[in-house]
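Here is a short briefing to read alongside the model. Have the viewer open and follow the points one topic at a time.

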Amino acid sequence: MIIRIFLSLLYVSCASLIARADSLPIKIEGAWVQAVPAVADATAAYMKITNLGDASLKLVGASCSVASRVEPMITTRQERNGQEIMGMEAVPDLEIVPGATLELKPGGDHLMIMGLTSHPSEGERVKLTVRFAPGDQRLDLEVPVLRQEPK
Ligand SMILES: [Cu+2]
């Protein structure tokens, strides 16, 4: 089942945006993609995803109009010689239990966008199709490219 929702986001006010698909009990707020310099090969997408349904959902990945692949990742923190070292790790999915909100944000969980085929600049929008399990439930978003987290 493919649910298509095209969101026209004003990049100046995207933090207040709420997306909701009638047959997919999900609310998405404040979606944005990090603007990166042309030399960068990867970037990340951030958003808040709330599960409004009665069953657990898993964010399993996404596809993006400007990249070859998008994977869910977590941020890891290790202490080495008294210094905190941040890294990240791909995970098969990020689970959202009923009523919970998964917050994808810089320094935390995120959707890693890899193999950039073009470099959209700040203010442009990219198409992002987020995928959920069980099944193959999809939500199409049009997400603004921003330099920093919207307030
Ligand atoms: Cu990452």
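**Arg147, strand pairing and the core**

Arg147 is exposed, because just 11 other C-beta atoms lie within 10 Å (C-beta atoms are placed from the backbone; exposed means 12 or fewer such neighbours, buried 20 or more, partly exposed in between). This is a predicted model, where local features need pLDDT of at least 70, side-chain atom pairs count only at pLDDT 80 or more, and totals for chains, interfaces and linings use all residues. Residues are numbered from 1 along each chain as its sequence is written.

**Around Arg147**
- Arg147 sits in the segment after β12 (strands are DSSP E runs of at least two residues, numbered from the N terminus).
- Beyond its neighbours within four places in sequence, Arg147 is in contact (C-beta atoms within 7 Å) with Ala35 and Glu122.
- Val33 lies 114 residues from Arg147 in sequence, yet their C-alpha atoms are 8.3 Å apart.

**Strand pairing**
- β3 and β12 run parallel and are joined by 2 bridges (pairing takes at least two DSSP bridges).
- Val33 has Val145 in β12 as its bridge partner.
- β3 also pairs with β4, antiparallel over 6 bridges, and Ile26 stands opposite Asn51 in β4.
- β4 pairs with β9 in the antiparallel sense over 4 bridges, with Lys48 opposite Glu103.

**Core and faces**
- The largest nonpolar core (buried Ala, Val, Leu, Ile, Met, Phe, Trp, Tyr and Cys joined through C-beta atoms within 7 Å) has 30 residues, of which Ala45, Ile113, Leu128 and Val143 touch the most other members.
- Elements giving two or more residues to this core include β3, β4, β9 and β12.
- In β9, Leu102 and Leu104 point to one face and are buried, while Thr101 and Glu103 point to the other and are not.

Note on methods: Contact = placed C-beta atoms within 7 Å.
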